[in-house]
Amino acid sequence: MPGTEPRTRSRAQADERRARADRRRARADERRAAADYTGGVYGSMLAASVVVGAGGLGSLPRLELVLLLLLTGVVFWVGHVHAHLFGARLAQRRLDRRTVVQVCREEWPIVKAAIPPAVAVAVSPLLGLDLTGTLWFALAVAVAGQVGWSTAAARRAGAPWRLAAVTASVNLVLGLLIIAFKLVVTH
């Protein structure tokens, strides 16, 4: 039939446009996920809280504190991955390997945020720090990480410097609250 070829061609062109739009949306989603450092901010706050809690326990060997920081990060990472995947199941989205890997990757900053305070604890003897100094050093590193993660997230998401400064300030205040809790717990 003479009228079918143009209709088929236009349908194929429309399908191709939709496929290109879907690919653009998928790339934008990936960029947004890469810019989401919420887990890093959360992980830094978690690490700071672990340091505060450990400081209240008295004499804690450094190796135990390093392991406590890292393992707490891993446990919370697993918990977040499970919550996201379980939520996806509840939304009746099909879980496949790609989705699981993507969620694991998106939540990995929770673990990454525990590494700098753990390293601070590990190197503290080289700096001549006693246990109290070690705890304060690790706490400062965790709070600095929290501010850094939030600033990086804001900038990577395209926020202007002013908004990045606001989020850094808010996270600094939250970190100072954690420090205030440490002062209350230890005194």
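**Buried helix residues and a helix pair in a predicted model**

Ser44 is found in helix α2, which spans residues 38–55, and the model discussed here is a predicted one.

Q: Why is Ser44 called buried?
A: The relative accessibility of Ser44 is 1%, and buried means under 20% relative accessible area, so Ser44 counts as buried.

Q: Which residues does Ser44 touch, not counting residues up to four places away in sequence?
A: With contact taken as heavy atoms within 4.5 Å, Ser44 touches Ala113, Ala142, Gly145, Gln146 and Trp149.

Q: What makes Ala164 count as buried?
A: Ala164, which lies in helix α7 (residues 161–186), has a relative accessibility of 1%; set against the cut-off of under 20%, that value means that Ala164 counts as buried. Not counting residues up to four places away in sequence, Ala164 touches Thr151, Ala154 and Arg155, while its C-alpha atom is separated by 7.9 Å from that of Ala152, 12 residues apart along the chain.

Q: Why is α4 called roughly parallel to α5?
A: Helix α4 (residues 97–107) and helix α5 (residues 109–123) pack at an angle of about 30°, and their axes are 5 Å apart. Angles under 35 degrees count as roughly parallel, and therefore α4 is roughly parallel to α5.

Q: Which residues in α4 and α5 meet, and how many of them are nonpolar, polar or charged?
A: Arg105, Glu106 and Glu107 in α4 meet Pro109, Ile110 and Val111 in α5; by class, this contact has 3 nonpolar, no polar and 3 charged residues.

Conventions: Residues are numbered from 1 along each chain as its sequence is written. This is a predicted model: local features need pLDDT of at least 70, side-chain atom pairs count only at pLDDT 80 or more; totals for chains, interfaces and linings use all residues. Side-chain values use heavy atoms; hydrogens and water are left out. Helices (H or I, at least four residues) and strands (E, at least two) are DSSP runs, numbered from the N terminus. Buried means under 20% relative accessible area, exposed over 50%, partly exposed in between (1.4 Å probe, protein chains only). Axes are lines fitted to C-alpha atoms, for helices over the stretch in contact, and angles run from 0 to 180 degrees between N-to-C directions. Angles under 35 degrees count as roughly parallel, over 145 as roughly antiparallel, 65 to 115 as roughly perpendicular and the rest as oblique. Ala, Val, Leu, Ile, Met, Phe, Trp, Tyr, Cys and Pro count as nonpolar, Asp, Glu, Lys and Arg as charged, and the others, Gly among them, as polar.
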